Amino acid sequence: KTVRGLGIDCSAQEFIDQPLLQEYAMEKYLLYNKKQLQDYIGKYQFKTYRGIYLTESGILAAAHLGGAGSVKKFFKGGEIFKDGNRVPITKYMTKFSGYNLKY
């Protein structure tokens, strides 16, 4: 679903078989999330919010896990999305904080 939403038209097997295509999709998804969250990144980056020190890389990692909408809900009302393994987006915000992104 996400891959098709990024404008990449291929079968699941084609996607699995092409590491460069996977990297391309990841880059497109990262840039999409960054665009969706640019106002939040500008407002909260390098600040502590709800006990979490926030950076661009942590915010984008959270969006990778739960989508940009889940990150927006966190900032708007404190709602913390958890994936199917019960991993909260806040764990990604912390774990992937402080990485230098080239985007």
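Me: What makes a residue part of the lining of a pocket?

Reply: A lining residue has an atom within 4 Å of a point of the pocket. In this predicted model, the largest share of the lining of the largest pocket, six residues, comes from α3.

Me: Which elements give two or more residues to that lining?

Reply: They are α3 and α4 (56-66). The lining has 15 residues in total, and M26, L30, L60, A61 and L101 lie nearest the centre of the pocket. The volume of this largest pocket is about 310 Å³.

Me: How do the lining residues divide by class?

Reply: Ten are nonpolar, three are polar and two are charged.

Me: Why is helix α3 called roughly parallel to α5?

Reply: The axes of α3 (residues 19-44) and α5 (residues 68-77) cross at roughly 20° and come within 10 Å. Angles under 35 degrees count as roughly parallel, so α3 is roughly parallel to α5.

Me: What is the hand of the crossing of α3 and α5?

Reply: The crossing is left-handed.

Me: How do you know which residues of α3 and α5 are in contact?

Reply: Contact means heavy atoms within 4.5 Å. On that basis N33, Q36, L37, Y40 and Y44 in α3 meet A68, V71, K72, F75 and K76 in α5. By class, this contact has six nonpolar, two polar and two charged residues.

Me: What makes K72 and K76 count as charged?

Reply: Lys counts as charged, along with Asp, Glu and Arg. K72 and K76 are among the residues of α5 that meet α3, and the contact of α3 with α5 has two charged residues.

Conventions: Residues numbered from 1 in each chain as written. Predicted model: local features only at pLDDT ≥ 70, side-chain atom pairs only at ≥ 80, totals over all residues. Heavy atoms only, no water. Axes fitted to C-alpha atoms, helices over the stretch in contact; angles between N-to-C directions. Helix = DSSP H or I, 4+ residues; strand = E, 2+ residues; numbered from the N terminus. Parallel < 35°, antiparallel > 145°, perpendicular 65-115°, else oblique. Left-handed = near helix turned anticlockwise from the far one by under 90°. 1 Å grid on protein atoms, 1.4 Å probe; cavity = no way out; pocket = protein on both sides within 12 Å on 5 of 7 lines; lining within 4 Å. Points joined across faces, edges and corners; volume = space filled by probe spheres on them.
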